[in-house]
Amino acid sequence: MKDPKGISSGPENPQRRTFLIALIAGMGGFIGFILGGSGLYYFLSPALRGKKKEWVDLGPLHNFKEGQPVKADYLQRKRDGWEVIDSSGVVWVLKEKENYVVFDSHCSHLGCPYNWDSAKEQFVCPCHGGIFGKDGRVVAGPPPRPLDRIPVKTENGSLFIMLEEKA
Ligand code: FES
């Protein structure tokens, strides 16, 4: 269809119209895919990425006595932009010969902090009477599994434990 000046104003070619509709639909789909995909990635990426781990210094090796569990404090530092956040924690370290075993300081039952009874040579949890051997195995009480062990390494005369980075 042409106006009085001879300029085309309507769809003369149905194929062209179909092509333009398909092009617009395709562009809309592409934009929707990009926006939806990036939004989905934004929400799911923390779960998919998993937590990062880091080595945390527990101090010089000579702090830990042979055959006797020692309670050790640690400081974990997190940098968030210009802000530095320190958080502290406690673990139990057992040195046997040249090996170091580090136990999480929370009972494997419901997470209470437990203590070392040097007279009985056992870890004792005050909450529900859980008792663990020096090697962390369950001796008595409700704990369903041994004490949790934390990966360790020695480097430059110090002991390090591997922990999840603080969020
Ligand atoms: S929390 Fe330790 S025995 Fe229950």
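**Figure 1. Arginine 77 and aspartate 86 make a side-chain polar contact.** The side chain of arginine 77 meets that of aspartate 86 in a polar contact of 2.7 Å. The model shown here and in the other views is predicted. The pair also qualifies as a salt bridge, with 2.7 Å between the closest N and O atoms. Aspartate 86 is partly exposed, because its relative accessibility is 37%. Arginine 77 is likewise partly exposed, at 45% relative accessibility.

**Figure 2. Surroundings of arginine 77 in strand 2.** Strand 2 spans residues 70-80 and holds arginine 77. Leaving aside residues up to four places away in sequence, arginine 77 touches Glu54, Val84, Ile85 and Asp86. Asp86 is thus both a contact of arginine 77 and its salt-bridge partner. Serine 88 lies 11 residues from arginine 77 along the chain. The C-alpha atoms of arginine 77 and serine 88 are 8.7 Å apart. The relative accessible area of arginine 77 is 45%, so the residue counts as partly exposed.

**Figure 3. The salt bridge of arginine 137 and aspartate 135.** The whole structure contains 5 salt bridges. This view shows the one in which the side chains of arginine 137 and aspartate 135 meet. The N to O distance is 3.2 Å. Arginine 137 has a relative accessible area of 46% and is therefore partly exposed. For aspartate 135 the value is 35%, so aspartate 135 is partly exposed.

**Figure 4. The salt bridge of glutamate 155 and lysine 153.** Glutamate 155 and lysine 153 form a salt bridge. Their closest N and O atoms are 3.0 Å apart. Glutamate 155 counts as partly exposed because its relative accessibility is 37%. Lysine 153 has 24% relative accessibility; the limit for buried is under 20%, so lysine 153 still counts as partly exposed.

**Figure 5. The hairpin of strand 10 and strand 11.** Strand 10 covers residues 152-155, and strand 11 covers residues 158-164. The two run antiparallel and are joined by 4 bridges. One bridge pairs threonine 154 with leucine 159 of strand 11. The hairpin has 2 residues between its strands. Asparagine 156 takes a positive phi near 50° in this hairpin. In a regular strand, side chains alternate between the two faces of the sheet.

**Figure 6. An open sheet of 4 strands.** The strand order is 5-6-7-8, and the pairing is antiparallel. Strand 5 (115-117) and strand 8 (138-140) stand at the edges. Each edge strand has a single partner strand, so one side of each is left without a neighbour in the sheet. Strand 6 takes in residues 122-124, and strand 7 takes in residues 131-132. These two strands pair in the antiparallel sense over 2 bridges. Phenylalanine 123 has phenylalanine 132, in strand 7, as its bridge partner.

**Figure 7. A nonpolar surface patch around helix 1 residue phenylalanine 33****.** Phe30, Ile31, Phe33, Ile34 and Leu35 make up the patch. Its area is about 570 Å². Helix 1 runs over residues 14-49 and includes phenylalanine 33. Phenylalanine 33 counts as exposed because its relative accessibility is 60%. The cut-off for exposed is over 50%.

How values were computed: Residues numbered from 1 in each chain as written. Predicted model: local features only at pLDDT ≥ 70, side-chain atom pairs only at ≥ 80, totals over all residues. Heavy atoms only, no water. Patch = residues over 30% accessible without salt bridge, like charges linked within 9 Å, V, L, I, M, F, W, Y side chains within 5 Å. Areas by Shrake-Rupley, 256 points an atom, 1.4 Å probe, with all protein chains shown as cover. Salt bridge = Lys/Arg side-chain N within 4 Å of Asp/Glu carboxyl O. Buried < 20%, exposed > 50% of the residue type's maximum accessible area, 1.4 Å probe, protein only. Contact = heavy atoms within 4.5 Å. Polar contact = N/O pair within 3.5 Å; in protein donor to acceptor, adjacent residues only side chain to side chain. Pairing = 2+ DSSP bridges.
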